[in-house]
Every structure is written in C-alpha cells, then in structure tokens.
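The following exercises are to be worked through with the sequence and the model at hand. Each task is followed by a solution in steps.

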Amino acid sequence: MTAPLAPPLRIGRSAVGAVSILAGAIGTLESVVSPTLPLLQRELSISPAQGALLSIAMLVTGALTAPIAGVLGDRHGGKRVMIWLMVVVSAGGLVSSLAPNLPVLLLGQVLEGAMVGAMPLSFILIRKLLPAEESPVAIGMVSGFFVGGGMLGTLIAGPIAEGLSRHWMFAIPTFAVVVATVFVHRLLPDDQPTRSDARIDWPGVALLSGIVLTLMFALATAPDMPSQPLLLVVAVVLLAAFVTGWIAVERRAASPMFDLRLLATPAIWRSYVLTYALCVGAALSIYLVPQLLAVSGDGYGFGASSTDIGRYLLPAAAMAAISGPLGGLAARRFGSTAVVAAGIAVMTASLIGMAFVHTEVWHLIVGKALISLANGACITALVIKTATSVDHGTTGTATSLVLVIRVLGFATGAQIGGAVLTAGTPNGSDVPAESAYVAAFVIASVVTALSLVVTRSMNKGVKQ
C-alpha cells in the first residue's frame, strides 16, 4: 500500500509538536506512582507485593487498549481515536486524585492505562504527516517526550505528595493532559483512515486479555506458588489454553487483531523479544532504586523521603528526556541494531554495578541515569525498526503490539522485584534483606545480557 499524501511540512511539524507535548503530559501522569510507592504503602497500609500490583495496574489496561487503539486508528484516523482515549485517561486521573483507598486508586490506574494506546496512534499520525526521512527523528521526539515526561513525574511526585497530598500528584498531571489534548484537537489536521477494512477482532482481544490477566495472576501469586503448587498448575494450564485459542482465532479471523504472518517476520518478532527483555530489566531498576533509596536497613539503604528520591532521580530524568531523539538520530545514522546492542551493553553494566556497588547515593544516581538513557534509546530504535518494517496500513497494529510487549515486560519486572523483596524479608520484619536487592539486580542484568543473542540477526527480514 502506498503512503498517504502528507500535508504541508509546516503543519506536519506543528502537529508533531502538539503530539509530543501530549506524550510528555501522559508520561508524567503515568510515572507518579513509582517514586511514591513507599509513601503510598504507608498511607494505604499495603505490602511490597501489593505496591508492585499498584505499579502495574495501568499497564494491564494498556496492554488491552493498545491493539484496539491501533486498529481503530488505522480504520477511523488517529486523531479522532486519540481524543476519545484522552477522555478516558482524564477520567482515570480524576478518580485517582480523589481515591480514598487502594481499590478506588486501582480503578483510577486501570482507567489511566488507556494512555498506552496513544503511542501507536502517534506513530500512525507521524507517518502520515511527515516525509519518510523525517519520521525516525519525529518518532524519537515523541518517545523522548513520553519518557522525559515520565521522569518529570518521578521528580515532582514526591514534593507534591509531601507538600500538598498524594491526591494532588494525580490531579496536576491530569490537568496537563486535558490542556495538551485541547492543543492536539486544535493543531492536528483530521487524518484520513489508512485501512477501510480494519475491524476489531473481539475474540482475539478477549483471548489476549486472558493471556495478559493470566500472566498478571501468575506474577502476583508467584511468592505463594512454592507452598501452593496448584496455583502454578492452574496458571500454566490457563495460559496454554489462552495462547492456543488466540493463535487459532487469529489464523481463522477474516480481519485478525494481529496478522500472525507479520509476527513471523524476523525483524518484527526479534523486535518484540528484545523489547520484552529490555523492559524487564528496566522495570526492575525502576522498582528497586526508589525502594533502596527509601529503605533504612542494617548497613544499607538511605532512608530517603519521596522528595529526596525525586531529587536523586533528576539526572535520570535528564537522560530520559534526550534518549528518544538521540535514539532516533542514532538509528538513522548507525542503524537500529547498533543502537540496541550498545544500549544493552550499557544497561547490563549498570545493573551489575548497582547490584554490587550501592553504598553511596551517587552509585544509584549514576546507574539509574545510564539505564534511563540506554533503555530509552533502545526502545525508540525498536519502535522505529517495527514501524519502518511494515506498510503504512499496518503501522498502528504492528507498533501497538510493541507496546503490549513493553507493558508485559514492565509488569513482569515490577512483579519480579516485588516478589524477590517479599521473599527476602525476614520473618517478623518489614525490611527486605540487602541480599534480596542484590539478587533482583542480578536477575535484571542476566535477562538484559541474554537479549544480545537476538541482536546478531536483527536486520534479517527488514522490509525495504
């Protein structure tokens, strides 16, 4: 399918700027939970495992929303679908800001998860609004604003929660999302659908939902599985049934949610595998670093407040803000494979370093900053690889599954971190042993390092 005719370049660049601002706003709202988990655990009386569940609640919704948003964007146009998604996200932010307890806060986070669907819609719009040679840098810009917004949220959440209240740390970013959505509505031209035959494969969506929820169940109950092996059996049986059913439905569907022939393309499936592994490693660091800064254990930890944690993560915020554009430029100059390989090496070294050297605050500051830079550049390069390996008519669908994989990777990493810390907490204590942090960082480094194997043949199957 040929590319649709792009509007004048000036309009395209203005529209990309508006989308980037929106990406920054939703990235800020997405990230306020991470640095304030210790505070939320105290105020809501929840365990580390429940805190990990809170940190992934919106990711579960995102995993289910992204494929639907991608298909709807291909069929009805990215702008229209994006506006409606932001209505749902704003409602979720309002619920979170008013939440009096954990169940209501979980509901708000679930609604906020619709924001994940905005990313494939952004990529649809970019490929329509800009010439091919400018698309990689624009994708990097949007990704960079999203990641940078996430780090901004990490920075400001603590001071807002401690200076005002935890309710305001949700309310302020929600207001920013509303304002940014107005700019998108006014500045973006109405885009034409790319595929008139795109339809939502509801059976496929339902089965994918089952896969995601079963994985979340398995991760959430992982600490109890050694004493209750029936839980493991149930999780494995359910997961196998949902995966088998999803594959069967996608093969037979007239308009499948995801074309399995596309999934079999080497450039696509390798991007998905790498995305998952890198996000597991990054999520573990995102979860562990604030916990390690906040804890005050026997000879380790720093007893930092939420405000201090946000301040310590400021260098990571700066690195995350530039990682997207830098990743886009590097991918255009050196190729996505080289960017991903370099990022994996930096992430692995940083995770190993934090595992065995974390006696000073600056050790964690430097390690987290390097991981933010490397992971942001890697994910940007992988999104570019995926978006440019398919036709325009399947951009939303292909990139939406990248985001599903990203969500599953972050959810897996967060739950592994929560499970390891819970398992490593001595009886009668609420402070995990230092060895639990070391073990979790080592797990993250091993998973990240193993992904290097996939990069060796990453260029095979790329659409020319």
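## Exercise 1: A pair of helices

The axes of α15 and α18 approach to within 8 Å and cross at roughly 165°. The model is a predicted one.

Task. Determine whether α15 and α18 are roughly parallel or antiparallel to each other, and state which residues of α15 and α18 meet.

Solution.

1. The crossing angle of the two axes is roughly 165°.
2. Angles over 145 degrees count as roughly antiparallel.
3. α15 and α18 are therefore roughly antiparallel to each other.
4. The crossing in which α15 passes α18 is left-handed.
5. On the α15 side, the residues that meet α18 are Ile344, Met347, Thr348, Leu351, Ile352, Met354, Ala355 and Phe356. Their partners in α18 are Val438, Phe441, Val442, Ala444, Ser445, Thr448 and Ala449.

## Exercise 2: Ser445 within the pair

Task. Establish whether Ser445 is buried or exposed, and what its side chain reaches.

Solution.

1. Ser445 belongs to helix α18, which covers residues 434-450.
2. Its relative accessible area is 6%, and buried means under 20%. Ser445 is therefore buried.
3. The side chain of Ser445 reaches the backbone oxygen of Val442 at 2.7 Å.
4. When neighbours within four places in sequence are left aside, Ser445 is in contact with Thr348, Leu351 and Ile352. These three residues are among those of α15 that meet α18.

## Exercise 3: Thr337 and Ala377

Task. Classify Thr337 and Ala377 as buried or exposed, and find how far Thr337 is from Thr455 in space.

Solution.

1. Thr337 is placed in helix α15, residues 336-356, and Ala377 in helix α16, residues 361-387.
2. Thr337 has 16% relative accessibility and so counts as buried. Ala377, at 12%, also counts as buried.
3. Along the sequence, 118 residues separate Thr337 from Thr455, yet their C-alpha atoms are 6.3 Å apart.
4. For Ala377 and Ser336, which are 41 residues apart along the chain, the C-alpha separation is 9.5 Å.
5. Apart from neighbours within four places in sequence, Ala377 contacts Ser323, Gly327 and Val339.

## Exercise 4: The span of α10

Task. Check whether the end-to-end distance of α10 agrees or disagrees with its expected span, then classify Val243.

Solution.

1. Helix α10 runs over residues 229-252 and holds 24 residues.
2. At 1.5 Å a residue, α10 should span 34 Å.
3. The C-alpha atoms at its ends are 35 Å apart, which agrees with that expectation.
4. The buried residues of α10 are Leu231, Ala235, Trp246 and Glu250.
5. Val243 also lies in α10. Its relative accessibility is 31%, so Val243 counts as partly exposed.
6. Val243 and Leu208 are 35 residues apart in sequence, and their C-alpha atoms are 7.8 Å apart.

## Exercise 5: α2 and the whole chain

Task. State how many residues of α2 are buried, and what percentage of the chain is buried.

Solution.

1. Helix α2, residues 37-44, is mostly covered, with 6 of its 8 residues buried.
2. Those buried residues are Leu37, Pro38, Leu39, Leu40, Gln41 and Leu44.
3. Ser45 follows α2 and has a positive phi, near 55°.
4. The chain has 464 residues, of which 56% are buried.
5. Its secondary structure comprises 19 helices and 0 strands.
6. Of the contacts in the chain with a separation of 6 or more, 83% join residues 24 or more positions apart.

Terms used. Residues numbered from 1 in each chain as written. Predicted model: local features only at pLDDT ≥ 70, side-chain atom pairs only at ≥ 80, totals over all residues. Heavy atoms only, no water. Helix = DSSP H or I, 4+ residues; strand = E, 2+ residues; numbered from the N terminus. Buried < 20%, exposed > 50% of the residue type's maximum accessible area, 1.4 Å probe, protein only. Expected span 1.5 Å × (residues − 1). Polar contact = N/O pair within 3.5 Å; in protein donor to acceptor, adjacent residues only side chain to side chain. Contact = heavy atoms within 4.5 Å. Axes fitted to C-alpha atoms, helices over the stretch in contact; angles between N-to-C directions. Parallel < 35°, antiparallel > 145°, perpendicular 65-115°, else oblique. Left-handed = near helix turned anticlockwise from the far one by under 90°.
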